[in-house]
Amino acid sequence: MEFKNLELFITLSWILILTPGPDLLYVLTRGISGGKKAGLISAFGVTAGILVHTLFAALGLSLILRTSATAFMVIKFAGAIYLIYLGVKALLSKEKFDLDTQKRIPNRKVFVQGMLTNILNPKVALFFLAFLPQFINADAMQSHETQLSLLGLLFCFFGLIFLSVLGYFAGTIGNYLLSHKNAGGIVQKIAGSIMVLLGIRLVFSER
């Protein structure tokens, strides 16, 4: 299947996945407090939540792209504003990297909690509504649903790889990040700049 700017999508996906955020912190804390197994389970839980959002985004966006130019314009500009907002917020953020590793919870609850953390977070849904459509190939034989679903699955696959490694080696990685707090800040600034550029790019995208 021929996607639009697939190499750019892969590059940006990895940069965004590597950016410190709620998912990274959740997996890291669960791995440190509960061990390697808990870290891996939390990674699968978080990814399951992301998968739900990507599939909903694929189905909803494909309908909008096909049926309503006005709705598409509203979604496009709302998505652009949101991406730019996230980017500026990341660039201006002065939050310190912090890990709360005191609470240990059962492995089953680790999975469910990680999944629900994503499913119940509207910001995740808004992000994918803004991010995925920029890489649809309008000239491809495949439907918008198929393209958006596959892009979402690819993003989830990358996320699962990273979060699984993070969860498995949570103790070592957590200690490194706590002693090198500037590392997370640098990645955050890079991701912030990219989200601003993506927002600007989305403004000029066509239906």
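The legends below walk through several close-up views of this predicted model.

**Figure 1. The whole chain, built from helices.** Welcome to the predicted model. The protein has 9 helices and 0 strands, and read from the N terminus its elements follow the order α-α-α-α-α-α-α-α-α. Of the 207 residues in the protein, 43% are buried. The protein exposes about 11000 Å², and 68% of that comes from carbon and sulfur atoms. How do the contacts spread along the sequence? Among contacts between residues at least 6 apart in sequence, 88% join residues at least 24 apart.

**Figure 2. The largest nonpolar core.** Moving inside, we meet a core of 33 residues, the largest nonpolar one, where F128 and F131 have the most contacts. Which helices supply at least two residues each to this core? They are α1, α2 (22-34), α3 (36-67), α4 (69-92), α6 (122-131) and α7. Helix α7 gives the largest share of the core, with 8 residues. Keep an eye on helix α7, as several of the next views return to it.

**Figure 3. A tilted ring pair between helices α1 and α7.** The structure holds 4 aromatic pairs. One of them joins W14 and F158, whose rings are tilted, with 5.3 Å from centre to centre and 35° between the planes. This pair links distant parts of the chain, since W14 sits in helix α1 (residues 6-18) and F158 in helix α7 (residues 144-168), 144 residues apart. Why is the pair called tilted? An angle under 30 degrees would count as stacked and one over 60 as edge-to-face, so an angle between those limits is tilted. Are the two partners buried or exposed? W14 counts as partly exposed because its relative accessibility is 27%, whereas F158 is buried, at 9%. Ring pairs also bring in F157, so that W14, F157 and F158 form a cluster.

**Figure 4. I10, another residue of helix α1 that meets helix α7.** I10 is found in helix α1. With a relative accessible area of 28%, I10 is partly exposed. Which residues does I10 touch, leaving aside those up to four places away in sequence? The answer is L154 and F158, and F158 is the residue that also pairs with W14. I10 and L151 are 141 residues apart along the chain, yet their C-alpha atoms are separated by 9.4 Å.

**Figure 5. S164, a buried residue of helix α7.** Farther along helix α7 we come to S164. Its relative accessibility is 14%, and S164 therefore counts as buried, the cut-off for that word being under 20%. Apart from residues up to four places away in sequence, S164 touches L40, A43 and F44.

**Figure 6. A nonpolar patch on the surface.** This view turns to the outside of the protein. F157, I161, V165, Y168 and F169 make up a nonpolar patch there, and together they have about 460 Å² of accessible area. V165, one of its members, lies in helix α7 and is partly exposed, with a relative accessibility of 43%. Two other members, Y168 and F169, pair their rings edge-to-face, at 4.8 Å centre to centre and 80° between the planes. Both rings belong to partly exposed residues: Y168 has a relative accessible area of 35%, and F169 has 43%.

**Figure 7. Helix α2 beside F169 and A170.** The last view shows two residues of helix α2, L28 and R30. How much of each is accessible? L28 is buried at 0% relative accessible area, and R30 is buried at 8%. Each has a partner from much later in the sequence. L28 and F169 are 141 residues apart in sequence, with 8.6 Å between their C-alpha atoms. For R30 and A170 the separation is 140 residues in sequence and 8.2 Å in space, again C-alpha to C-alpha. F169 thus appears in two views, as it also belongs to the surface patch with V165 and Y168.

Methods: Residues are numbered from 1 along each chain as its sequence is written. This is a predicted model: local features need pLDDT of at least 70, side-chain atom pairs count only at pLDDT 80 or more; totals for chains, interfaces and linings use all residues. Side-chain values use heavy atoms; hydrogens and water are left out. Rings of Phe, Tyr and Trp (its six-membered ring) pair if their centres lie within 6.5 Å; planes under 30 degrees apart count as stacked, over 60 as edge-to-face and the rest as tilted. Helices (H or I, at least four residues) and strands (E, at least two) are DSSP runs, numbered from the N terminus. Buried means under 20% relative accessible area, exposed over 50%, partly exposed in between (1.4 Å probe, protein chains only). Patches are made of residues with over 30% relative accessible area and no salt bridge: like charges are joined within 9 Å, nonpolar side chains (Val, Leu, Ile, Met, Phe, Trp, Tyr) within 5 Å. Accessible areas come from the Shrake-Rupley method with a 1.4 Å probe; for residues, only the protein chains shown count as cover. A salt bridge is a side-chain nitrogen of Lys or Arg within 4 Å of a carboxyl oxygen of Asp or Glu. A nonpolar core is a set of buried Ala, Val, Leu, Ile, Met, Phe, Trp, Tyr and Cys residues joined through side-chain atoms within 4.5 Å. Contact means heavy atoms within 4.5 Å.
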